[in-house]
Amino acid sequence: MKSLLLAALAAYLIAAIHSILAFVNKRRSVQRVAEWSIAVGFILHTCALIFDWAIDGHYPLFFLRETLSFLAWALVGAYAIILYRYRAEALGAFTMPLISILTFIALIVRSGPQDTAAAFSTTWLFPIHTTLLIFAYAAFFIVFMASVMYLLQERELKLKTFGAIFHRLPSLSTVNQLATTSAIFGLTLLTLGIASGMVWSSARDGRIWHNDPKEIFALLTWLLYFLLLIYRSSANWRGRNAAWLGVAGFALVLCTFFGTRLLGGYHVFGLARSPTFLSTSLGKR
Amino acid sequence: MSIVLVGVNHKTAPIEVRELLAFSDEACATGLRQLVDGEVVREGLIVSTCNRVEILSATAPDQLEHGTARIAEFLDNDRRLPADFLGQHIYSHRDEEAVRHLFRVASSLDSMVVGEPQVLGQVRHAYSVALQAGTAGRILNRLVHHTFRVAKRVRTETGIAANAVSISYMAVELGKKIFDSLKNHTVLLIGAGEMAELSARHLLNAGVSRILVANRTADAAQKLASEFGGASVPFDEIVTALSEADVVLCSTASPTFVITEELTRRAFEKRRNHPICMIDISVPRNIDPNVGKVPNVFVFDIDDLESVISSNIREREREAERAELIVQSEVMQFQQSLRLMDMGPTIGALREKFQEMARTELQRQRRQLGELSKEQEAAIEQLLISTVNKISHPVLNQMRRFYEASDPENIQEPSESSDPEE
């Protein structure tokens, strides 16, 4: 449903502009406009995903177009929860433009042939695998953003510059807690996502591990966030170092996400079969 | 009715002049009764604070010049000042300008520290004095209520009072930037001076759960601690206290560093990286600047606090520009409602006028009707008047509703707001 997604994009753009304005001039009324636009955009986007599912006949998380759209949707959801729980409005000024861009790309990229997708919709494990991982990526993105905000605010406090950032970013304890909570969610989802992938893969060809770049990166990502959480809880390790780890972790997440596109491997589906290689192979995860 | 405002403030007059003019509450009341004569000056109100003395009045419009002169004269006479003494310090505003000035004063745009919350309370007090003296009438009632509304709008819609501008409040502001909320956090006061006490009060208001006091003389520490329900700590056990506190406020007269890097590192063995905010308001400094190199320690000395304050003042001034826009639009609205207000008595008069017209018409056409009995004549008059009333009723009603909608009786007075700052 392109028109629904287009409407959602419009709402996200309005939200992005108002989030940035609210960040700059700290107007509550502007922030309220942003929040309403997010709510409207999210509802439209949800409808678009449901209609896609109904019309195309496969779970709307296969092609690149769908992956980006789903990721944007998950990020909006995550940001909405954070707004409700932490009132970290500053996050919107950075997240909403990114969500708008993701949605925009999702609108202009074409889908591959439907039959490739149909082959993967026969089992319920594949959609679960991909959904869990998309949510994990969204959570890790939040860890990344919170870590960046931590580093900026901490720098401001240590150097005592007290500029715009000091007045606009949330407190250190808020972003610290946000990063920790998101990391816990992200790691749980990643664990379940990897496990479901293994089960699915063993059902397909009896192997649970293929030494494929995406799998290796996923494992490294898992280890890194596991370490981060172990440190945070046992040694009460927080502050700059933990924040830097949150930033570094996201680099690994990006490698995992794009790893297949660059290095190929088991996670590339239908590459040889499809002439429109860009739009399909990039869609595989 | 015209509105006239005459006065001096901290920008136009030095303290020597302002203190000569200052009114006590009683002087206000008696002065107002003298000033308001019901002829030229119909209503009056005096705002007298340490930064300003302003007389606000409603005057007959045709005697505006006279009224302004009378108020200036009143100031001179009441205070027995030499002639022309006030000339260079005094300012006077009329109508729109006077309204704008009052709105700006009450919204704290005209204050020494923009956004300070006290001035609204002072205006409120001045109004209650005028009410008791019986010199606040229709116009001033409406103006003052509108003023409260404007001040409330400015406070809620702009960040004019959002950032702290006093040293004693800085501990709260910086603590909140690190811990978000100070609830269930511990504060350590090193030194038991006046500044420590003032800051401790702000911190307690912000929700701090525990206060520790360390001082060279244990008695003073004990005294301050008991005042806030806290505990005193022996001076040589500061390390233990440092490992428990989240916010440290240092204000001793010690010539050497009280908190050193080595001391902090020792405390951090127990703190397990839990962040700590240290504020040093003493000169010479009591906290070694190297302490700031320890991870998760945030140290601020008096100069840092001054720089946050000046950054906050700049933020407030940016917000003040927005507040000016609000004031501008409210001045327009008030002028509008003032024009509507003049309509109030007009509505009654209009009704009379219409009935009068009906009677005149009847008189004019009376001869054409020939012989009529007294009852018939009364019936015709009744018929005309009730027709006129029926026709004019919806129009007048509409006008009346319009008028009542802008009546001060229907405007809620803003509730007393408490502000922990200053």
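Domain bounds, as used in this tour, come from an automatic or database domain assignment. The structure on display is a predicted model.

**Chain B as a whole.** Begin by selecting chain B and colouring domain 1 (2-157), domain 2 (167-309) and domain 3 (345-397) separately. The centres of domain 2 and domain 3 of chain B, taken over C-alpha atoms, are separated by 84 Å.

**The sheet.** Next, select the four strands of chain B that form an open sheet, in the order S2-S3-S1-S4, with antiparallel pairing. Strand S2 (41-48) and strand S4 (91-94) of chain B stand at the edges; each has a single partner strand, so one side of each is left without a neighbour in the sheet. On average, and with direction ignored, neighbouring strands of this sheet are turned by 15 degrees against each other.

Now keep S2(B) and strand S3 (residues 52-59) of chain B in view: seven bridges join this antiparallel pair. Within the pair, select B:Val41, which stands opposite B:Thr59 in S3(B).

**The helix across the sheet.** Add helix H4 (residues 95-106) of chain B, which lies across strand S1 (2-9), S3 and S4 of chain B. Helix H4 of chain B runs at about 50 degrees to S1(B).

**The contact with chain A.** Finally, display chain A as well. Which residues meet here, and how many from each chain? Chain B contributes 20 residues to the contact and chain A contributes 16 residues. On the side of chain B that touches chain A, helix H7 (167-179), strand S10 (297-301) and helix H12 (302-341) each supply at least two residues. H12(B) gives the most, with five residues. By class, this side of chain B has seven nonpolar, seven polar and six charged residues.

Definitions and conventions:
Residues are numbered from 1 along each chain as its sequence is written. Chains are lettered from A and ligands numbered from 1 in the order in which they are written. This is a predicted model: local features need pLDDT of at least 70, side-chain atom pairs count only at pLDDT 80 or more; totals for chains, interfaces and linings use all residues. Two residues are in contact if their C-beta atoms, placed from the backbone, lie within 7 Å. Ala, Val, Leu, Ile, Met, Phe, Trp, Tyr, Cys and Pro count as nonpolar, Asp, Glu, Lys and Arg as charged, and the others, Gly among them, as polar. Two strands pair if DSSP finds at least two bridges between them. Axes are lines fitted to C-alpha atoms, for helices over the stretch in contact, and angles run from 0 to 180 degrees between N-to-C directions.
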